[in-house]
Amino acid sequence: QKTNLLILLLDKDREKERGRFWVWCFFLLFFCNPPCWILIKMGNVTSNVAAKFAFFPPEPATYGVTKDDETGKLVFAGVSADKNVEVHQLTTKPGNKVVATFWRHPFARFTLLYSHGNAADLGQMVELFIELRAHLRVNIMSYDYSGYGASTGKPSEFNTYYDIEAVYNCLRSDYGIKQEEIILYGQSVGSGPTLHMASRLKRLRGVVLHSAILSGIRVLYPVKMTLWFDIFKNIDKIRHVNSQVLVIHGTNDEIVDLSHGKRLWELAKEKYDPLWVKGGGHCNLETYPEYIKHLKKFVNAMEKLSLTNPPPKQLTNEPSITETKHNRCLKFGKR
């Protein structure tokens, strides 16, 4: 009954007010009901509750993956071969099969490893990836989280970490791409797996945080301290990122307040000039001309930096593990 009450409290029409109640309910369970606290800590209650408001995979999936009878290669439905896209099904540490797509540019300067928002799948991102590849002159490596699109399993915070690790390992093993040739890009909830990797990879070329969150709870209510049951604790992880960080956020973001982006930028050790899109919301920043202009400026700066200031030789902390339809990037509420 208590779990059901917590889920009902997460109503997307009153996120911040309900978020306050959610925080207090967990405190009450923690201090007043030790048996229940033990159950929560040892079980999956918190992750199950979080999944109810943090993940909204499109149903049904907007694409499919098939095998070409002649070549035996995987084919991404709706995308012809001349688009230079290669499709992978990667096995994660827990055993899920996640779909990843590599959008090749013949003269790529870097590879953008893109983690999308929580209410889209790869089928909705195709147009954006084609645009980014052309304008930035980069490869795009994108993937669907476990439970999204044609990826198996269930979405969870830790599964997104295993997902991005599998994708990064694919870039290394299948394409020979080094971490200093990679720019991590995280949109909205995708900032979680992005900063998970960025805090572990010390020779990355750069990081882009697009409408990023400080943490899951802080989207609902601006708590001052990090709570143990919180998810995507970006506020703590960004302190361990060594590469240049570009933060992009809309001043009128109705889902994730601008204060999230500003605080993340303040905490970054290596700050690049941020882009505060005047009048921009949560899911329409790509429609503003300054978006692609500033991104291109950032990639150019990273290219110049790679020539004048190459990364250190030592290896450290490798991981173990236009407003269109693709912009359905984040929502909160009960499914």
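Here are some questions and answers about helix α6, strand β9, the nonpolar cores and the aromatic pairs. This is a predicted model, where local features need pLDDT of at least 70, side-chain atom pairs count only at pLDDT 80 or more, and totals for chains, interfaces and linings use all residues. Residues are numbered from 1 along each chain as its sequence is written, and side-chain values use heavy atoms, with hydrogens and water left out.

Q: How far does helix α6 reach from its first C-alpha to its last?
A: Helices here are DSSP runs of H or I with at least four residues, and strands are runs of E with at least two, numbered from the N terminus. The expected span of a helix is 1.5 Å times one less than its number of residues. Helix α6 covers residues 157–175, which makes 19 residues. The expected figure is 27 Å, and the helix comes close to it, with a reach of 27 Å.

Q: Which element gives the largest share of the largest nonpolar core?
A: A nonpolar core is a set of buried Ala, Val, Leu, Ile, Met, Phe, Trp, Tyr and Cys residues joined through side-chain atoms within 4.5 Å; buried means under 20% relative accessible area, exposed over 50%, and partly exposed in between, with a 1.4 Å probe and protein chains only. The largest core has 45 residues, and M141 and L171 are among those that touch the most other members. Elements giving two or more residues to this core include β6 (139–143), β9 (244–250) and α10 (258–267). The largest share, eight residues, comes from α6.

Q: Which residues of α6 might you look for around M141, including one at 175?
A: Contact means heavy atoms within 4.5 Å, and neighbours within four places in sequence are left aside for M141. Its contacts include H88, F102 and L113. They also include V167, C170, L171 and Y175.

Q: How many residues of β9 are buried?
A: In a regular strand the side chains alternate between the two faces of the sheet. In β9, Q244, L246, I248 and G250 point one way, while V245, V247 and H249 point the other way, and all are buried. That leaves β9 mostly covered, with the buried count at seven of seven.

Q: Which residue stands opposite G250 in β11?
A: Two strands pair if DSSP finds at least two bridges between them. β9 runs parallel to β8, with five bridges, and pairs in the parallel sense with β10 (residues 270–271) over two bridges. Three bridges join β9 to β11 (residues 275–277), also in parallel. Opposite G250 in that strand stands V277.

Q: What is the angle between the planes of Y161 and F232?
A: Rings of Phe, Tyr and Trp (its six-membered ring) pair if their centres lie within 6.5 Å; planes under 30 degrees apart count as stacked, over 60 as edge-to-face and the rest as tilted. By this rule there are 12 aromatic pairs. Y161 and F232 are an edge-to-face pair, 6.1 Å centre to centre, with an angle of 80°.

Q: Why does the pair of Y272 and F298 tie together parts that are apart in sequence?
A: Their ring centres are 5.0 Å apart with planes at 75°, so the pair is edge-to-face. Both Y272 and F298 are buried. Y272 lies in the loop between β10 and β11 and F298 in helix α11 (residues 289–308), so the parts tied together are apart in sequence by 26 residues.
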